Amino acid sequence: MEKENTAQDEMPLLNVIHLKQYFKVDKKNIIKAVNGITFQIKEGETYGLVGESGSGKTTIGRSIIRIYEPSDGTVYLEGKKISGKMDEEKRRFISKRIQMIFQDPMASLNPRKKVIDIIAQGLDIHEKGLSKEERQKKVYRIMELVGLSKEHANRYPHEFSGGQRQRIGIARAIIINPKLIIADEAISSLDVSIQAQIVNLMKNLQKELGTTYLFIAHDLAIVKYISNHIGVLHLGYLVESGTTEEIFRNPVHPYTKSLLSAIPHPNPKIEKTRKLLDYDFEANQETYEKAREYHLEGEHYVLATEEQFNRWSDEHPAFIY
Amino acid sequence: MEYESSQTIYYDFNKEAFLIADKTKKVRDEKKINDTSVFREFVSKFTANKGALIGFFAIILICIFALFAPFLTPYQYDQIQAANQNLSPRIPGVESLGIFNGKIMGISQYEKTNLKNTYYFFGTDTLGRDLFARTAMGTRISLFVAAVAVMIDMFIGVTFGLVSGFFGGVMDLFMQRIIEILSGIPSIVVVTLLMIVFKPGLVTIILALVFTNWIGMSKLVRALVLKQKEQEYILAAKTLGASDFSLIFKEILPNIFGSVIVMTMMSIPGAIFMESFLSFLGLGIPEPMASLGTLVSTGYKKMMIYPYMIAIPVTVFVILMLSFNLVADGLRDALDPKMKNV
């Protein structure tokens, strides 16, 4: 693999190599949700995973945290292998270091539990000997950190608005101080003004706690705002990946281009002239299997067959290689 | 919003359409949505339902009657007094109103048998036993059966359903086949078979309930668990490393508890009815013990001559059944509005 050869100064926090996730529908049909994805996340950074519905974004997150059993591939966290056979020790290792923020802030909070108990759940599992006062103190501190007030502690989830509920979800995830947080479409079900609040909250938390994010979303504008690296996912293949700057300055894969063209521009005059680029994925679907990753610049990779690669480099003036 | 200077665009707008924001006021964008606690909401919903409230108090009255009635009469429920047989109800004070005066067809049995100062509140049966004490005893049996039914539902039914639904797979398959076999056998057949081994009595009835009564509950619980299992909050608890035990009892159970209570209340009248029905057929509580079913059964033989003998236990029985049904309906509406059509 080309990617592995590039020397890395530091060990990445999360190293996903050739992750495959297939689902058996029945005896004959297998859904290939994720087809050999390779990417790394460095500590303290945010990796944005974008793609359309059904591209396998959520599946990747869930395979890493072992809600699903990966069909193939290896995942390393802090240099320790977390894929493969599961045992009690590994489960504890994973659940203490990786946490998840879910898409639907209502469904992801137990409606019969008080907020304090929801947030303290991680403590109850991983730090058992905690006294009641210590537990309460820790929960209050986290609640303050995510912008909830103490008085909210004894209420139930249905008493909160969507944004507040998502804050509770974030508080629950960060209370055990995980290394990696998988934000699975964490803001998609919120309205735009609340989205900004939550994204800013996540950014601030990252500054304060040094958490690493795997940010799964379909909204490129927000991914651009929060991520250091972006991976563009299509039909279970990572079609293009690189730093945010590289992807936005110099998108190569037509799918990435088409995604970028869908971002509305705030200026109405430019917005009027914005052209949506179509991407005929049916024509390209088969080429994914034959394609390999090409290195473009820095950390910029694109998935292409040789023929495609040559064609794109011809029609692309900014294409150096 | 600020644009780069080369792109600055100006718009015409009506200045009066805008107000200068008062920056001294803090704008709270997220407000409290709902302040009522779950329990208070439940109480207010339940008390708003008149029928449920009436049923609730009727059950309490019947419980008080079952507990204390035997102390209000000098007679024991199994005390046979051949001289005092077939006396109709006579209650002091009320008798002057023309009811419960111990008269049948205008003739007072009490005067006939020279018992002027004797009062049997609900009359006596053909053996001269006090029906007041016997009805109270019968009600006790019925309430006891209700309690047993609740226990069976709660322990066997809920546990079976939780395990079957939560773990799924081969275990679920196996457990569901057991249920199918059990539910294929009518409970009357189960009781008759049990009669071969045990004597008729409370133990046999309870065993029959143990075999059959929890099946509906376990099916309901399994369905509810299957639904809850897919919820994201279970996933969230799993990613936090919660054990299966805490997933089942701390996450899922509180969420299905409303439906479980409703279902339990719904199953009580059925259990009481089953006991009475078996007793009526002579498969239940043996003499001299009384249950509402045996009282109806013996009273039924003299129905044309002494209608009170059947009317009184039937009335108590009807009130009991109706009350439990009303309370169950009220609970369902208050706890679990989605189940309204079940």
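**Exercise 1. A residue in strand 2**

Leaving aside its neighbours within four places in sequence, which residues is Ile30(A) in contact with? Place Ile30(A) in chain A and describe its surroundings.

*Solution.* The model used here is predicted.

Step 1: find the element. Ile30(A) belongs to strand 2 of chain A, residues 30-41.

Step 2: list the contacts. Beyond the neighbours within four places in sequence, Ile30(A) is in contact with Tyr22(A), Phe23(A) and Lys24(A).

Step 3: judge the exposure. Buried means under 20% relative accessible area, and exposed means over 50%. Ile30(A) has a relative accessible area of 46%, so Ile30(A) is partly exposed.

Step 4: look across the chain. Ala217(A) is 187 residues apart from Ile30(A) along the chain, and their C-alpha atoms are separated by 25 Å.

**Exercise 2. Positive phi in chain A**

What is the phi of His18(A), and where does His18(A) sit? Then do the same for Glu185(A) and Arg66(A).

*Solution.*

Step 1: take His18(A). Phi is near 50°, a positive value in a residue other than glycine. His18(A) lies in strand 1 of chain A, residues 14-24. Its relative accessibility is 37%, so His18(A) counts as partly exposed.

Step 2: take Glu185(A). Its phi is near 50°, again a positive value in a residue other than glycine. Glu185(A) sits in the loop between strand 7 (180-184) and helix 8 of chain A. With 7% relative accessibility, Glu185(A) counts as buried.

Step 3: take Arg66(A). Arg66(A) comes just after helix 2 of chain A and has a positive phi of about 70°.

Step 4: look at helix 2 itself. Helix 2 of chain A spans residues 57-64 and is mostly covered, with seven of its eight residues buried. Those buried residues are Lys57(A), Thr59(A), Ile60(A), Gly61(A), Arg62(A), Ser63(A) and Ile64(A).

**Exercise 3. A glutamine in helix 8**

Is Gln195(A) buried or exposed? Find what its side chain reaches.

*Solution.*

Step 1: locate the residue. Gln195(A) is part of helix 8 of chain A, residues 192-209.

Step 2: apply the cut-off. Buried means under 20%. Gln195(A) has 11% relative accessibility, so Gln195(A) counts as buried.

Step 3: follow the side chain. The side chain of Gln195(A) reaches the backbone oxygen of Leu190(A) at 3.2 Å.

Step 4: complete the surroundings. Setting aside neighbours within four places in sequence, Gln195(A) is in contact with Ile187(A), Ser188(A), Leu190(A), Asp219(A) and Ile222(A).

**Exercise 4. Two helices against helix 10 of chain B**

At what angle do helix 6 of chain B and helix 10 of chain B pack, and how far apart are their axes? Describe the contact, then turn to helix 4 of chain B.

*Solution.* Two packed helices are described by the angle between their axes and the distance between the axes.

Step 1: give both values. Helix 6 (residues 187-197) and helix 10 of chain B pack at an angle of about 55°, and their axes are 12 Å apart. Helix 6 of chain B is therefore oblique to helix 10 of chain B.

Step 2: give the handedness. Helix 6 of chain B passes helix 10 of chain B in a right-handed crossing.

Step 3: name the residues. Ser187(B), Ile188(B) and Val191(B) of helix 6 meet Met274(B), Phe277(B) and Leu278(B) of helix 10. By class, this contact has five nonpolar, one polar and no charged residues.

Step 4: turn to helix 4. The axes of helix 4 and helix 10 of chain B come within 7 Å and cross at roughly 145°. This crossing of helix 4 with helix 10 of chain B is right-handed. Its contact has 21 nonpolar, three polar and three charged residues.

**Exercise 5. Helix 11 of chain B, and back to helix 10**

How many of the ten residues of helix 11 of chain B are buried? Name them and their partners. Then examine Ile261(B).

*Solution.*

Step 1: count. Helix 11 of chain B (residues 292-301) is mostly covered, with seven of its ten residues buried.

Step 2: name. They are Leu292(B), Gly293(B), Thr294(B), Leu295(B), Val296(B), Ser297(B) and Gly299(B).

Step 3: find the partners. The buried residues of helix 11 pack against helix 4 (131-167), helix 10 (244-280) and helix 12 (308-335) of chain B.

Step 4: examine Ile261(B). Ile261(B) lies in helix 10 of chain B. Its relative accessible area is 25%, so Ile261(B) is partly exposed. Apart from neighbours within four places in sequence, Ile261(B) is in contact with Leu331(B) and Leu335(B).

Step 5: add a distance. Ile261(B) and Ser276(B) are 15 residues apart along the chain, and their C-alpha atoms are separated by 23 Å.

Definitions and conventions. Residues are numbered from 1 along each chain as its sequence is written. Chains are lettered from A and ligands numbered from 1 in the order in which they are written. This is a predicted model: local features need pLDDT of at least 70, side-chain atom pairs count only at pLDDT 80 or more; totals for chains, interfaces and linings use all residues. Side-chain values use heavy atoms; hydrogens and water are left out. Helices (H or I, at least four residues) and strands (E, at least two) are DSSP runs, numbered from the N terminus. Buried means under 20% relative accessible area, exposed over 50%, partly exposed in between (1.4 Å probe, protein chains only). A polar contact is a pair of N or O atoms within 3.5 Å; within protein, one must be able to donate a hydrogen and the other to accept it, and residues adjacent in sequence count only if both atoms are side-chain atoms. Contact means heavy atoms within 4.5 Å. Axes are lines fitted to C-alpha atoms, for helices over the stretch in contact, and angles run from 0 to 180 degrees between N-to-C directions. Angles under 35 degrees count as roughly parallel, over 145 as roughly antiparallel, 65 to 115 as roughly perpendicular and the rest as oblique. A crossing is left-handed if the near helix is turned anticlockwise from the far one by less than a right angle, and right-handed if clockwise. Ala, Val, Leu, Ile, Met, Phe, Trp, Tyr, Cys and Pro count as nonpolar, Asp, Glu, Lys and Arg as charged, and the others, Gly among them, as polar.
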